[in-house]
Amino acid sequence: MSVSFSSRQRLAMLGQYIRPYWRPAVLGIVALLAVNGVGVVLPLLIRTCVDDVQDGLGFGDVVRYSALILGLASVMWVIRMASRVLLFGVGRKVEFDLKQRLFEHLLRLEPTYFANMPLGDLINRATSDVESIRRLVGFAVLSLVNTIFAYVLTLPLMLAIDPLLSLAALAVYPILLLLVQLFSQRLRQEQQDVQEELSEISQLIQEDMSGISLIKIYAQESNERAAFGRLNQKLLKSNLKLTKTRNVLFPLLEGLASFSLLILLWLGGQAIEGNRITVGDLIALILYVERLVFPTALLGFTITAFQRGEVSVDRIEEILQHPPLIQDVPEALVVPPSELTGAIKVDGLTIHYPGQPQPALSNISFMVQPGETIAIVGPIGSGKSTLANALPRLLDVPTDSIFLDGLDITQLSLNSLRRAIAYVPQDSFLFSLPIRDNIRYGNPEVSEAEIIAAAQQAQIDREILNFPRRYDTLVGERGITLSGGQRQRTALARALLLQAPVLILDDALASVDNQTATQILQALNGDRDRQRTVIFISHQLAAAATADRILVLDRGHLVQSGSHRELLATEGLYRSLWERQQLEELCA
Ligand SMILES: Nc1ncnc2c1ncn2[C@@H]1O[C@H](COP(=O)(O)OP(=O)(O)OP(=O)(O)O)[C@@H](O)[C@H]1O
């Protein structure tokens with residue numbers, strides 16, 4: 001996935017990044033102008049001093065000249081430092097803003113976006129691409145402006161001293177620019193290749209470390225090592241190619257620049273002999289050509305930084321300009337969860353994933369009364385999770401297809417909708433935080449008593465009390481590893497704390513034993529303190545049997561609906577699923 005913007009678009013984007021810091025940027029550029037202004041005066045002073053010494057200048061005057069030159073050089077040094085602090089500072093601030101914007105934008109994107117965007121690539125863009133933009137805005141701008149000032153101020157003075165000599169000394173510079181031009185396209189492509197291969201490597205490391213148990217169980221270490229080796233080899237090849245191109249180009253540039261000094265010394269010597277210029281003039285010219293060598297040689301790096309930055313602008317903007325598919329309509333309704341009862345109506349809902357031959361859900365319609373417990377069952381791939389994801393708009397749903405308390409959910413603000421629907425997925429994610437903080441994640445203000453009550457309802461409280469640090473026990477990578485069932489019940493406690501009128505469990509108790517899962521669901525069902533609509537997806541039909549009503553999905557269609565008793569009394573998918581499960585349990 002790669003997008004390329006036009007130069008004009010990129011310039012507009014860069015302008016937009018820098019705009020908030022235009023004051024330090026302009027001040028930095030003015031400082032660069034001052035540095036170059038002082039920089040061109042110094043060789044003139046040295047010229048006068050050298051020529052005056054030849055005409056018999058006294059020791060005191062030489063000391064005075066030296067003091068003046070030293071003073072000016074010190075002023076130049078201070079201003080140069082200021083210009084660097086200012087312009088590099090702008091680069092750092094732009095880097096900070098971009099990281100912030102990127103993260104905030106990612107939080108607004110729908111989960112399906114991340115299914116198509118490899119995580120390693122994303123991390124690479126958020127780190128090394130943002131860094132390249134910082135270098136473009138800081139170093140490259142400073143270097144380019146400095147080069148322009150150096151040429152604009154130095155050239156007229158050189159020409160005033162001796163046009164012929166100056167032009168001869170600078171004659172190689174157009175060749176130098178031509179060379180840069182020739183190499184620039186190649187450098188840009190090679191830079192892009194390196195960036196993309198870095199992304200692939202990050203992706204592989206991230207995936208392999210997440211699936212390390214799988215790699216070990218299937219004894220795939222050597223294959224993974226080989227796969228990493230191949231990618232690393234590709235990266236090495238691209239890096240070597242880039243290094244070769246750079247190492248051919250930059251010494252060539254420096255060599256050409258130094259060649260101009262040789263021309264100057266050779267022709268300058270003759271000009272002094274012919275009394276066309278003084279020794280002081282030649283020294284001034286040498287100092288001026290020297291002044292131009294560094295910015296000119298640096299031009300190569302500057303161009304690389306620009307090219308790298310340009311590629312990175314494309315890669316970052318590709319994310320920033322991806323509009324969130326699911327967002328609030330203008331003037332979306334804001335309704336606090338306490339004002340909603342949890343009545344749900346699904347009316348002709350059809351969901352078709354892009355690129356899939358069949359819709360995942362076809363014309364689904366049903367109603368759920370406030371406080372009702374609904375089980376959704378069906379064979380694998382029948383559309384159960386799609387339905388569960390559609391209700392809190394984790395998927396893009398059509399308008400007028402799902403209603404909460406009579407309100408079209410696409411007209412409700414996402415915040416209102418998601419505060420009204422507590423959702424527990426099958427693979428519940430826990431943060432590397434103490435269990436207490438994981439449970440109160442959706443509502444950090446709750447009291448300790450409420451946390452404990454939620455944990456008790458989710459039947460995880462007793463196990464937490466057996467942990468060495470109880471509710472302060474750290475979970476995740478740096479803490480203890482919870483079993484699948486413990487993770488699911490902790491995630492359930494987290495959802496229960498939200499006090500939302502609707503609770504959706506997407507196979508969220510699959511790792512909990514049948515008996516406990518049934519007990520939890522029955523307790524939720526019979527919770528008289530709180531009326532709550534519960535929609536749960538389950539492969540455990542014994543748990544589903546406790547629901548007020550069961551919806552049976554098959555290949556995206558709602559094929560049956562009714563209580564466990566009613567469905568068992570009818571010929572159909574539910575009865576055959578139930579009989580099959582009973583048989584499996586008998587055989588087990
Ligand atoms: N993000 C997606 N992109 C494309 N197709 C998808 C996506 N998610 C699900 N599907 C497809 O939609 C269909 C329904 O999937 P869904 O996950 O809703 O089924 P399910 O009944 O929950 O299955 P399971 O019992 O295995 O969890 C399947 O054919 C699946 O391959």
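A helix axis here is a line fitted to C-alpha atoms over the stretch in contact, and the angle between two such axes runs from 0 to 180 degrees between their N-to-C directions. With that in hand, let us walk through this predicted model, beginning with a pair of helices in its middle part.

Take H5 and helix H7, the latter spanning residues 173–210. Their axes come within 7 Å and cross at roughly 125°. Angles from 65 to 115 degrees count as roughly perpendicular and those over 145 as roughly antiparallel, and H5 and H7 are therefore oblique to each other. Their crossing is right-handed. On the H5 side, the meeting residues are Leu119, Gly120, Asp121, Ile123, Asn124 and Ser128, while H7 brings Leu198, Ser199, Ser202, Gln203, Leu204, Ile205 and Gln206. Sorted by class, this contact has five nonpolar, seven polar and one charged residues.

Now follow H5 to another partner. Helix H3 (residues 59–108) and helix H5 (residues 119–161) have axes that come within 8 Å and cross at roughly 155°. Because that angle is over 145 degrees, H3 is roughly antiparallel to H5. H3 passes H5 in a right-handed crossing. If you would like to select the contact in your viewer, H3 offers Arg84, Leu87, Phe88, Val90, Gly91, Arg92, Val94, Glu95, Leu98, Lys99 and Leu102. Facing them in H5 are Ala126, Val130, Glu131, Ile133, Arg134, Arg135, Val137, Gly138, Val141 and Leu142. The residues of this contact divide into 12 nonpolar, two polar and seven charged.

A further pairing joins H7 to helix H9, which covers residues 221–273. Here the axes come within 9 Å and cross at roughly 160°, so H7 and H9 are roughly antiparallel to each other. This crossing is left-handed. Its contact residues comprise 19 nonpolar, five polar and nine charged.

It helps to lay the database annotation over these helices. An unreviewed UniProt entry places the feature "transmembrane region" at residues 21–42, 62–79, 136–158, 164–183 and 248–267. Two of these spans can be compared with the model's geometry. Residues 62–79 are 100% helix and 0% strand, with their end C-alpha atoms 26 Å apart. Residues 136–158 are likewise 100% helix and 0% strand, and there the end C-alpha atoms lie 31 Å apart.

Finally, turn to the ligand. Which of the residues around the ligand come nearest? Of the 13 residues there, the nearest are Tyr353, Ala360, Lys384, Ser385 and Thr386. Two elements give two or more residues to this shell, namely helix H4 (111–116) and helix H11 (384–390). H11 supplies the largest share, three residues. By class, the shell around the ligand holds four nonpolar, eight polar and one charged residues.

Methods: Residues are numbered from 1 along each chain as its sequence is written. This is a predicted model: local features need pLDDT of at least 70, side-chain atom pairs count only at pLDDT 80 or more; totals for chains, interfaces and linings use all residues. A residue is near a molecule or strand if its C-beta atom, placed from the backbone, lies within 6 Å of it. Helices (H or I, at least four residues) and strands (E, at least two) are DSSP runs, numbered from the N terminus. Ala, Val, Leu, Ile, Met, Phe, Trp, Tyr, Cys and Pro count as nonpolar, Asp, Glu, Lys and Arg as charged, and the others, Gly among them, as polar. UniProt positions are given in the numbering used here, feature names are shortened, and annotations may be inferred rather than shown by experiment. Angles under 35 degrees count as roughly parallel, over 145 as roughly antiparallel, 65 to 115 as roughly perpendicular and the rest as oblique. A crossing is left-handed if the near helix is turned anticlockwise from the far one by less than a right angle, and right-handed if clockwise. Two residues are in contact if their C-beta atoms, placed from the backbone, lie within 7 Å.
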